Amino acid sequence: MHRPAFIMNHSNGRFFRLESWAGISYVDELALSFQNYLMILILVPNTRQDSPEYKQLLAHLANFSGISTRVHTEVGAEQTLSEIYLIGNTKVLSIEDVRLLPCVDRVVRVSEEYRVLGRHENDDRPTHFDYNGVRFGQDSLNVFAGLCAVDTIEHVEIMMKVLKDHGQVCTRMGAYKPRTSPYAFQGHGKTCLPYVFDLAGKYGIKVIAMEITHESHLEEIRNALYQTGNTTGVMLQIGTRNTQNFELLKIVGRQQDFPVLIKRGFGITLDESLNAAEYLASEGNRKVVFGLRGMKTNMGDPHRNFVDFTHVPVVKRLTRMPICIDPSHSVGTRASSPDGILDIMHATAQGIIAGANMVLVDFHPAPSKALVDGPQALLMKELPQFLEDIQIAREAYQKRVALVERYRGEESSMPDRSIATF
Ligand code: PEP
Ligand code: MN
């Protein structure tokens, strides 16, 4: 008996019918798409919500039965961007018709997965954002070298000075540390923030990646920044242990003052971690960077975690987020290979040659005195070599992109061989 089987294509959520005939299997796409239930209307920049056109648009949308709307507005330095989410049976709407409505610039139909941060068909929404004068995008690269944990004011100053001497404007500084043991140093918390922010201002640091583990830390950071004259900026970090702390994600997602670096959960699937990032965006904050930091499994031994930087292009393909790699917490040791290159530098180069956009890395002026993760810290004198090594890998990545473009160009200018006769 002929029995067609249905399989789902996870990349676009559509069903295919798998049939077997005369021993040959083939797939036949059915128009059984079940996911096209959401449509995003991207409005013309600076659309005013009190304008007659906007009111006309909302009145029009209210006529669509079975469809509800949710408005998302992002106020930027130069322009205000608004999007209207249509949720419900949007399959009955045609993209072309909706595009003609007042104030509508573009229309994107999205699948259920990673609605806000994902990449969708005909989706040309940006893959970058700017924060405190620094661009974070799928096309840029920023290095965040710094202390895993702030210990002394002297170490903070040495670190920041070395960064400035090497043209760096970003760093990492842990004030709130999630530790495996309750007896281990938990970070200086809010007490170190004033001198960290003061010194950042003094040495021209524009963005500090700083993990928070509780919603109260948000206010502490905001207050300390204010008291020290907002001379620097903070990228909030959600650590791997909190990737699925949904209440924390919602609170961090509801604020738009700070961008967020969310680390992949070390013991959950990539899909679960990407959904965690989506929590931030669904609450309103799309300034999200996704951090790869290795997976917890003994298969990765002798590294601290199994390095997962081959997922850099995967996450870029699935989402619009810039991708960070953390070679320190994934490799976790200062071991080096016979070529003399530290495993941490090898892993960094591997992530960058695959297109990573941010590097979060532990440095320390005196690793033996570090209160957290000293054994994986790079030394001050290694910073110039690290930066040069990164530059080599970045140039190699850029050459690889140029290469693929050249081959693509050659392909499209080649005569169509499909009609060639032999
Ligand atoms: C960190 O970056 O300091 C950190 C604790 O990282 P992770 O959450 O990836 O372990
Ligand atoms: Mn650490």
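**View 1. Strands S5 and S6 run antiparallel to each other, with 9 bridges between them.** This is a predicted model, as are all the views that follow. To get from S5 to S6, the chain makes a hairpin through 4 residues. If you want a pair of residues to look for, try Val-75, which stands opposite Thr-80 in S6.

**View 2. Zoom out a little and S5 and S6 turn out to belong to an open sheet of 4 strands.** Read across, the order is S5-S6-S4-S7, and the pairing is antiparallel. Strand S5 (67-75) and strand S7 (104-110) sit at the edges, each pairing on one side only. Neighbouring strands here are turned against each other by 20 degrees on average, if you ignore direction.

**View 3. Here's the pairing of S4 with S7, which is antiparallel and counts 6 bridges.** Strand S4 covers residues 38-43. One spot to pick out is Leu-41, whose bridge partner in S7 is Val-107.

**View 4. Helix H1 (residues 52-62) packs on this sheet.** What does H1 touch? The helix makes contact with S4, S5, strand S6 (80-88) and S7. Its direction makes about 10 degrees with that of S6. In the loop between S4 and H1 you'll find Asn-46. Have a look at the backbone there: Asn-46 has a positive phi of about 65 degrees, although this residue is not a glycine.

**View 5. Now for another sheet, an open one built from 8 strands with parallel pairing.** The strands line up as S10-S17-S16-S15-S14-S13-S12-S11. Who sits at the edges? Those places go to strand S10 (142-146) and strand S11 (170-172), each of which pairs on one side only. From one strand to the next, the twist averages 25 degrees.

**View 6. At one end of that order, S11 pairs with strand S12 (residues 207-211) in the parallel sense.** The two are joined by 3 bridges. Cys-170 is a handy marker, as this residue stands opposite Val-207 in S12.

**View 7. Helices H6 and H7 each lie across a couple of strands of the 8-stranded sheet.** Helix H6 (residues 246-254) lies across strand S13 (233-238) and strand S14 (260-263). H6 runs at about 160 degrees to S13. Helix H7 (residues 270-282) lies across S14 and S15, and runs at about 155 degrees to S15.

**View 8. A cis peptide bond turns up between Asp-301 and Pro-302.** Omega for this bond is near 10 degrees. Where does Pro-302 sit? Look in the loop between strand S15 (288-292) and helix H8 (312-318).

**View 9. Which residues surround ligand 1?** The shell consists of Cys-148, Arg-172, Lys-177, Glu-211, Gln-237, Gly-239, Thr-240, Arg-241, Lys-263, Arg-293, Asp-326 and His-329. Sorted by kind, that gives 7 charged residues, 4 polar ones and 1 nonpolar one.

**View 10. Three side chains, those of Gln-237, Arg-241 and Lys-263, each place a polar atom by an oxygen atom of ligand 1.** For Lys-263, the distance from a polar side-chain atom to a ligand oxygen is 2.6 Å. The corresponding distance for Gln-237 is 2.9 Å, and for Arg-241 it comes to 3.1 Å. How much of ligand 1 does the protein bury? Taken alone, the ligand exposes 300 Å², and the protein buries 97% of that.

Terms used: Residues are numbered from 1 along each chain as its sequence is written. Chains are lettered from A and ligands numbered from 1 in the order in which they are written. This is a predicted model: local features need pLDDT of at least 70, side-chain atom pairs count only at pLDDT 80 or more; totals for chains, interfaces and linings use all residues. Side-chain values use heavy atoms; hydrogens and water are left out. A residue is near a molecule or strand if one of its heavy atoms lies within 4 Å of it. A polar contact is a pair of N or O atoms within 3.5 Å; within protein, one must be able to donate a hydrogen and the other to accept it, and residues adjacent in sequence count only if both atoms are side-chain atoms. Accessible areas come from the Shrake-Rupley method with a 1.4 Å probe; for residues, only the protein chains shown count as cover. Ala, Val, Leu, Ile, Met, Phe, Trp, Tyr, Cys and Pro count as nonpolar, Asp, Glu, Lys and Arg as charged, and the others, Gly among them, as polar. Two strands pair if DSSP finds at least two bridges between them. Axes are lines fitted to C-alpha atoms, for helices over the stretch in contact, and angles run from 0 to 180 degrees between N-to-C directions. Contact means heavy atoms within 4.5 Å.
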